[in-house]
Structures are given as structure tokens and as C-alpha cells.
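Student: Could we go through this structure together, one question at a time? I would like to see how each answer is reached.

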Amino acid sequence: MRKFILFLVLLTSFTFFAGCSNTADQAGAKASTTQNQVQKKSEQKLVVYRAAANGTETLLPETVTIADNGKSAMENALVALISTKPQDAKFADVVPIGTKLLGLKVDKNIAYADFSKELLKKNQGSYEEMMLAYAIVNTLTEFPEVKKVQILVEGKKAVGGHMDLEEPLTRNTTLLANGKQ
């Protein structure tokens, strides 16, 4: 009889501890899943357009992953364009060093992108100016709510040396590889 009682006590103890271990494993799995979801939410994958490094008048899409800083995806796309370097040698960076995004708003399908004065760097040729302007425009028009982009420098309409930037610009598909929309 004592052996039988001892057997039941051991069996009950074993079942109890096995259940606790399983619960701990499940809790650990849930915590791991939650942590992965938070990590996924803390990054954004965005498409930005960069000039082709071979000097052709071509813009190429590049997917960039940046930390989500609580700003809109549209604003983060511009931040990624001006603050990250190309990840591949086929891309060229045409954004002047030190350029900052001062603000972005969308009104009636027109995005107003306001940059610091570094955007209008001196000695920028017509090619660099065009590629920079349309890198900005095509990056923003990736978002369906944006049809045109007005480039501003420190709150005023940008005055380019080679391009007319007085009016909002539309997406330029002729600069895209294979004319992709």
C-alpha cells in the first residue's frame, strides 16, 4: 500500500512539474512572438529612387529599411533618400551632403517637401539637378495620395539653376528603367 501511495505522489508531482514547464515554454514562446512583432513594427521598408551610377539618365528603385521614428512612411521615405547611402554600386547618391528635411505636408494630392538650403548646393550641373528633383518626386509619388510634388527650400519655392521648380512636378516615368510606372 505504501508503494502505491508513493507511486501516486510521484506521478502527481511529475505531472504538476511537467505542466509548469509547458506553461513556461508557452509563455516564453508568446513573449518571443510579441518581441518579434514589436521589432517588425519598429522598422519600415520603403522605396526610394536613386540615379544610376553609370551616368545614364535613369532612376532606379531601391528598397531601404529604416527604423520607424513615429513619422509617416512618406516622411521616412524622404529621410531615407537624403540620409542613407546607396546599398549597391549600381546606385549613385545625388543628394548634397548636409541636406535635411524640414517638413512635409500633403494637400489636394500635392506634396510640399521642404528642405534645408544644402539641397541647392553650388556647382550642381543640370544632370545632378534633374536626377535629384525627380528622385524626390518619384519617391513621393510612390504613395497613391501624391500626384505632384512642390520642392521647397526653407519654406520657399526652390529656384533651380537648370530646371523650373516654381510649379509642382509630376512623376517622370521616362527616367525610370524600362519606363516602369
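What follows is a short conversation between a student and a tutor about this predicted model.

Student: How many helices and strands does the chain have?

Tutor: Let's begin with the order along the sequence, which is α-β-β-α-β-β-β-α-β-β-β. Each α in that pattern is a helix and each β is a strand. The totals are three helices and eight strands.

Student: What percentage of the residues in the chain is buried?

Tutor: A residue is called buried when its relative accessible area is under 20%. The chain has 181 residues, and the buried share of them is 36%.

Student: In which order do the strands of the open sheet stand?

Tutor: This sheet has three strands with antiparallel pairing. Strand 2 (59–67) and strand 3 (91–92) each have a single partner strand, so both stand at the edges, with one side left without a neighbour in the sheet. The order is therefore 2-1-3.

Student: How many bridges join strand 1 to strand 2?

Tutor: Strand 1 covers residues 43–52 and runs antiparallel to strand 2. Two places to look are Tyr49, whose bridge partner in strand 2 is Pro61, and Ala51, which stands opposite Leu59. The number of bridges between these strands is nine.

Student: Which residue in the hairpin of strand 1 and strand 2 takes a positive phi?

Tutor: Look at the six residues between the two strands. One residue there has a phi near 85°, and that residue is Gly55.

Student: At about what angle does helix 2 run to strand 1?

Tutor: Helix 2 is made of residues 73–83 and lies across strand 1 and strand 2. Helix 3 also packs on the sheet and touches strand 1 and strand 2, with its direction at about 155° to that of strand 1. For helix 2, the angle to strand 1 is about 45°.

Student: Is helix 2 largely enclosed or largely open, and what covers its buried residues?

Tutor: Count the buried residues: eight of the eleven in helix 2 are buried, so the helix is largely enclosed by the rest of the structure. Among them are Met74, Leu78 and Ile82. The cover includes strand 1, strand 2, strand 4 (101–107), strand 5 (110–115) and helix 3.

Student: What span should helix 3 have, and how far apart are its end C-alpha atoms?

Tutor: Helix 3 has 15 residues, 126–140, and the expected span uses 1.5 Å times one less than the number of residues. That gives 21 Å, and the expected value agrees with the model, where the end C-alpha atoms are apart by 21 Å.

Student: How many residues of helix 3 are buried?

Tutor: Examples to find in the structure include Glu129, Tyr134 and Leu140. The buried residues make up enough of the 15 that helix 3 is largely enclosed by the rest of the structure, and their number is twelve.

Student: Which residue has its charged end over the ring of Tyr112?

Tutor: Start with the strands: strand 4 and strand 5 pair in the antiparallel sense over six bridges. On the other partner of strand 5, Tyr112 stands opposite Gln150 in strand 6, and strand 5 and strand 6 run parallel. In the pairing of strand 4 with strand 5, Tyr112 has Lys105 opposite. The charged end over the ring, 5.6 Å from its centre, belongs to Lys105.

Student: Is Lys108 buried or exposed?

Tutor: Lys108 lies in the loop between strand 4 and strand 5, and its phi is near 55°, a positive value in a residue other than glycine. A residue counts as exposed over 50% relative accessible area. With 73% relative accessibility, Lys108 is exposed.

Student: What is the relative accessible area of Val146, and which residues does it touch?

Tutor: Val146 lies in the loop between helix 3 and strand 6 (148–153). Its C-alpha atom is separated by 8.8 Å from that of Asp107, 39 residues apart along the chain. Val146 is buried, with a relative accessible area of 3%. Not counting residues up to four places away in sequence, Val146 touches Met74, Val106, Asn109, Ala111, Leu140 and Thr141.

Methods: Residues numbered from 1 in each chain as written. Predicted model: local features only at pLDDT ≥ 70, side-chain atom pairs only at ≥ 80, totals over all residues. Heavy atoms only, no water. Helix = DSSP H or I, 4+ residues; strand = E, 2+ residues; numbered from the N terminus. Buried < 20%, exposed > 50% of the residue type's maximum accessible area, 1.4 Å probe, protein only. Lys NZ or Arg CZ within 6 Å of the ring centre and 35° of its normal. Pairing = 2+ DSSP bridges. Contact = heavy atoms within 4.5 Å. Axes fitted to C-alpha atoms, helices over the stretch in contact; angles between N-to-C directions.
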